Amino acid sequence: MVEKIHTTLRDSSVARWTALILLASTMFVAYMFIDVLAPLSTMLETSLKWTPDTFGAVAGSEYFLNVFAFFLIFAGIILDRIGVRRAALVSGFLMVIGASIKLYGISDYFNAGGFGYDFFNSFWTGFPGSAKVACIGFAIFGCGVEMAGVTVSKGIVKWFAGKELALAMGLEMAIARLGVFAVFRLSPFLAEKGGVTLSVGVGTLLLLIGLLTFGVYFFFDKKLDAQTEALRAAGDETSQEEEFRISDLKTIFTSKTFMVVAGLCVLFYSAIFPFQKFATGMLESRLGMTTSEASSLFSYFPIGAMILTPLLGWFIDNKGKAASMLMLGSLLMIVCHLIFALTPTESFTFAIALTAIIVLGVSFSLVPASLWPSVPKLVDNKVLGSAYSIIFWIQNIGLMLTPILIGWALKSSNPGIAEQIAAGEAVKYNYTVPMLIFAGFGVAALLLAFYLKALDKKKGFGLELPNIVK
Ligand SMILES: C[C@H](N)C(=O)N[C@@H](CCCCN)C(=O)O
């Protein structure tokens, strides 16, 4: 007699949390790579002649293909069609390929006249060849990392829906934040020992390990699907998963509440991730610190977020209040950016900077912990991959344009400074205008958060309700 299966790996907490750790470990190294150059803006300006606008353009290039080639939209459709495990492998490969190209662009070999050097320096000469190659690599890496983000989100919903969903998402983000903390510590240290190439080289190697981790996850996911299929065949699984159709995407684009969440997401994240790229330079300038000191100080930002995000996830699973948390998170972000922008130099002490960084970390826990687990409440599971990818796509537009805007604003509000730095003078940029722009994004996010709460009250999506089904 064939034994009938009544449970799946999903019902084993050890298997569930192991799947989460596997997915999150790859995101840990991916987030390290995203910010591997962030603490090195000053070093890149002297070694590779990357001015703030060049640095901002390289930072923004991560999102270029996602936005203009609509890669993220395709990534979501591919994910909904081929499933989590295969999409994870595709994204892992893309990350490794992109990172290797970026490494080549900043390498000593390329910059000493290696393959492609003459070509990449023969056009648009105001933008260094090294930065052009780095942009190409980072854009391909960006396709991989964003596809991985969407895939991991859908993977977590697959394992944790109706269980500890927000806690699991919070933990995944916490592990990713630990990657940011690690890179802000490690990257300047490695760069001092072996130059920028060593930092990016180590980051690329870690991504290869991340790809292997996705490989291990593949087998977990395969087993779960086989068990779920067997349950369906035996009639134990009531919710037959419907086939995904492209026309289903219309339901996402026409949902007002979904679009408000996407708007809030782009505004909030535009004031966080691009800020991360400029924060070390801002702290160096405002506190007269070295790159290494400023980078260490800023590393407390992801640490605060790392500790709080899973706790808030637990709270949302059990008590709810996601919409209110989005409002509070946006408000705290405005306060912090205004402190960076407007505190007079004599009052802007180490303690003030550290407090603002920690409070910004709290804001960076409140919004992600409540935003991402709310998405499954707004759309059907069969379009969930596409829904996440559409939010990411809209968010990526902001993440791509904001560093360019901030790099330009920094250069324009500090006429002559780039030239003085290039001439070896010890002058600093003034970051007031860029920080006011970040605060402005926060104000717009807060307004949308108020609107979202009102919409939820009217339409009853249950954003304020707990996730755990008792
Ligand atoms: C940058 C990326 N598109 C993003 O939004 N990352 C989020 C995490 C989203 C996935 C959560 N499972 C972040 O807060 O890092």
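Start by selecting helix α10, residues 165-233: with 3 residues, α10 gives the most to the shell around the ligand. Keep in mind as you go that this is a predicted model.

Next, add α9 (129-160) and α18 (384-412) to the selection. Like α10, each of these helices supplies at least two residues of the ligand's shell.

Now show the side chains of the whole shell. Which residues surround the ligand? Going along the sequence, you will meet Tyr31, Glu146, Ser153, Glu172, Met173 and Arg177, and then Tyr269, Phe273, Pro368, Trp372, Phe392 and Gln395. Try colouring them by character: the shell divides into 7 nonpolar, 2 polar and 3 charged residues.

Zoom in on three of these side chains, one at a time.

- Tyr31: a polar atom of this side chain lies 2.5 Å from an oxygen atom of the ligand.
- Arg177: here too the partner is a ligand oxygen, with a polar side-chain atom 2.7 Å away from that oxygen.
- Glu172: this time look for a nitrogen atom of the ligand, which lies 2.7 Å from a polar atom of the glutamate side chain.

With those contacts on screen, turn on a surface for the ligand. How much of the ligand does the protein bury? Taken alone, the ligand exposes 420 Å², and the protein buries 97% of that.

Now hide the ligand and look at the space left behind. Searching the whole structure turns up 4 cavities of 30 Å³ or more. The largest cavity has a volume of about 330 Å³. Of the 23 residues in its lining, select the ones closest to the cavity centre: Tyr31, Tyr269, Phe273, Trp372 and Phe392. Bring the ligand back, and you will see what fills this place: the space taken by the ligand is the largest cavity.

Which helices supply at least two residues each to the lining of the largest cavity? Select α1 (13-34) and α13 (273-287), together with α9, α10 and α18. Among the helices, α10 is again the one to highlight, as it gives the most to this lining, with 5 residues.

For a last view, colour the full lining by residue type. The lining of the largest cavity divides into 13 nonpolar, 4 polar and 6 charged residues. Leave α10 highlighted while you rotate the view: this helix gives the most both to the shell around the ligand and to the lining of the largest cavity.

Methods: Residues are numbered from 1 along each chain as its sequence is written. This is a predicted model: local features need pLDDT of at least 70, side-chain atom pairs count only at pLDDT 80 or more; totals for chains, interfaces and linings use all residues. Side-chain values use heavy atoms; hydrogens and water are left out. A residue is near a molecule or strand if one of its heavy atoms lies within 4 Å of it. A polar contact is a pair of N or O atoms within 3.5 Å; within protein, one must be able to donate a hydrogen and the other to accept it, and residues adjacent in sequence count only if both atoms are side-chain atoms. Accessible areas come from the Shrake-Rupley method with a 1.4 Å probe; for residues, only the protein chains shown count as cover. On a 1 Å grid over the protein atoms alone, a cavity is a set of points where a 1.4 Å probe fits but cannot get out, and a pocket is an open set with protein on both sides within 12 Å along at least five of seven lines; lining residues have an atom within 4 Å of a point. A molecule sits in a cavity or pocket if more than half of its atoms lie within 2 Å of its grid points. Helices (H or I, at least four residues) and strands (E, at least two) are DSSP runs, numbered from the N terminus. Ala, Val, Leu, Ile, Met, Phe, Trp, Tyr, Cys and Pro count as nonpolar, Asp, Glu, Lys and Arg as charged, and the others, Gly among them, as polar. Grid points are joined across faces, edges and corners, and a volume is the space filled by probe spheres set on the points.
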